[in-house]
Amino acid sequence: MDSIVLVTGAARGLGLEMCRQLLAEGRMVVAAPRKAGEPELERLSEESGGRLHIVPMDVGDEDSIRSAAGRIAGLVDRIDILINNAGVYPKIGTVSSGIDSAEMIRAFRINTLGPMHVVTALLPLLRKGKDRKLAQITSKMGSIDDNTSGGSYAYRVSKAALNMAVKNLAHEFGPEGFIALTIHPGWVQTRMGTDAAPLDLGPGVADILKTIEEATESDNGTFIGPGQERLPW
Ligand SMILES: NC(=O)c1ccc[n+]([C@@H]2O[C@H](COP(=O)([O-])OP(=O)(O)OC[C@H]3O[C@@H](n4cnc5c(N)ncnc54)[C@H](OP(=O)(O)O)[C@@H]3O)[C@@H](O)[C@H]2O)c1
């Protein structure tokens with residue numbers, strides 16, 4: 001359990017709980033919240049015995065990603081597992097009511113471009129890693145086959161594009177032994193998921209971490225849901 005894991009969007013929700021559970025498993029964690037001074041993360045760091053480094057990283061901003069990558073390279077000599085978890089769910093209207101272009105682009109910048117830029121910036125450290133796992137947290141709402149209700153244009157489009165990007169990552173980095181995954185966590189109780197979600201945070205995150213832990217070469221470039229179920233694109 002000596003893997004070094006980097007988690008983006010670590011300030012709350014799934015990301016914060018991932019950090020908690022990874023530390024409990026004995027891992028070294030680099031937590032990348034959007035901004036500094038997140039109290040729960042700071043507390044976790046104080047209790048971690050030096051196993052949790054906090055490096056702010058706004059995944060919607062390339063300069064922020066690059067500068068965070070530089071700081072991370074000064075703290076750890078490799079990253080074994082990357083979890084691109086940060087994401088937004090902009091509430092925008094329908095085509096008939098008019099799409100808000102700025103919100104659409106914001107979703108694309110954070111949900112789709114962010115994970116790709118993070119991989120680029122961290123590549124030297126990822127190439128020194130042992131596990132070579134690139135996990136992206138997507139959503140079933142990004143599945144074209146599964147879209148039975150429409151709506152949520154910005155979120156659906158940005159996550160569908162992320163899914164395509166992950167398939168490309170699988171082709172680009174699979175030959176080097178990387179395993180690129182796109183993981184739907186299920187509907188989990190977080191600020192985004194709301195209290196109406198059927199899945200509790202703890203078990204929801206445990207399931208994501210199990211999916212990542214158990215992933216093998218044959219899972220490279222696959223779309224996986226709760227209980228390690230393969231999902232339709
Ligand atoms: N919960 C669910 O039911 C569910 C279902 C399907 C998929 N997901 C996916 O799971 C991931 C985590 O979501 P969640 O449920 O934990 O939602 P959440 O509670 O809203 O947390 C989202 C996290 O992403 C961070 N974030 C947003 N923009 C960022 C940026 N530009 N740079 C860095 N971090 C940023 C947020 O930080 P700030 O608070 O500082 O903005 C926050 O820590 C997302 O990718 C989401 O799409 C969740």
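These are my notebook entries on the strands, crossovers, one helix and a few single residues of a predicted model.

**Entry 1: the strands from E1 to E3**

I began with strand E1 (4–8) and strand E2 (28–32), and found that E1 and E2 run parallel and are joined by five bridges. Within this pairing, Val-7 has Ala-31 of E2 as its bridge partner. Following the chain from E1 to E2, I passed through helix H1 (residues 13–24), and the β-α-β crossover made in this way is right-handed.

On to strand E3 (residues 52–54): three bridges join E2 to E3, again with the strands running parallel. Ala-31 turns up here too, with Ile-54 of E3 as its bridge partner. The unit made by E2, helix H2 (residues 39–46) and E3 is a right-handed β-α-β unit. I also looked up how much of E2 is covered, and four of its five residues are buried, so the strand is largely enclosed by the rest of the structure.

**Entry 2: strand E4 and its two neighbours**

Strand E4 covers residues 81–84. Which strands does E4 pair with, and in what sense? With E1 the pairing is parallel over three bridges, and with E5 it is parallel over four bridges. Ile-81 serves in both pairings, since Val-5 stands opposite Ile-81 and Ile-81 in turn stands opposite Lys-133 in E5. Between E4 and E5 the chain crosses through H4, and this β-α-β crossover is right-handed.

For the side-chain directions, I noted that Ile-81 and Ile-83 point one way from E4, while Leu-82 and Asn-84 point the other way, and that all of them are buried.

**Entry 3: Asn-84 and Met-116**

Asn-84 deserved an entry of its own. Its relative accessibility is 3%, so it falls under the 20% cut-off and counts as buried. Which residues does Asn-84 touch, leaving aside those up to four places away in sequence? The contacts are Thr-8, Pro-115, Val-118, Val-119, Ala-135, Gln-136 and Ile-137. I also looked up its separation from Leu-6, and the two C-alpha atoms are 8.2 Å apart in space although the residues are 78 apart in sequence.

Met-116 is in helix H4, and with a relative accessible area of 31% it is partly exposed. From its C-alpha to that of Gln-136, 20 residues away along the chain, the separation is 9.8 Å.

**Entry 4: strand E6 and the hand of its crossovers**

E5 and E6 pair in the parallel sense over five bridges, with Gln-136 opposite Thr-182 in E6. On the other pairing, three bridges join E6 to strand E7 (residues 222–224), and these strands also run parallel; here the bridge partner of Thr-182 is Phe-223. Five of the five residues of E6 are buried, with Ile-179, Leu-181 and Ile-183 pointing one way and Ala-180 and Thr-182 pointing the other way.

Right-handed or left-handed, what are the two units that share E6? E5, H5 and E6 make a right-handed β-α-β unit, whereas E6, H6 and E7 make a left-handed one.

**Entry 5: helix H3**

Helix H3 (residues 62–73) has twelve residues and reaches 17 Å from its first C-alpha to its last, close to the 16 Å expected. Its buried residues are Ser-64, Ile-65, Ala-68, Ala-69 and Ile-72. Looking down the axis of H3, I see these residues fall within an arc of 135 degrees, so they line one face of the helix. What covers them includes strands E1 and E2 and helix H4 (101–127). At the N-terminal end of H3 the cap is Asp-61, with a side-chain oxygen 2.9 Å from the backbone nitrogen of Asp-63.

**Entry 6: two positive phi angles**

Last, I looked up residues with a positive phi that are not glycines. Ser-152, which is not a glycine, has a phi of about 45 degrees, and it is found in the loop between strand E5 (133–137) and helix H5 (153–173). Its relative accessible area is 18%, which places Ser-152 among the buried residues. Thr-194, also not a glycine, has a positive phi of about 65 degrees and lies in the loop between strand E6 (179–183) and helix H6 (201–214). At 37% relative accessible area, Thr-194 is partly exposed.

Conventions
Residues numbered from 1 in each chain as written. Predicted model: local features only at pLDDT ≥ 70, side-chain atom pairs only at ≥ 80, totals over all residues. Heavy atoms only, no water. Expected span 1.5 Å × (residues − 1). Buried < 20%, exposed > 50% of the residue type's maximum accessible area, 1.4 Å probe, protein only. Arc of directions from axis to C-beta. Contact = heavy atoms within 4.5 Å. Polar contact = N/O pair within 3.5 Å; in protein donor to acceptor, adjacent residues only side chain to side chain. Pairing = 2+ DSSP bridges. Right-handed = clockwise from strand over helix to strand, strands pointing away.
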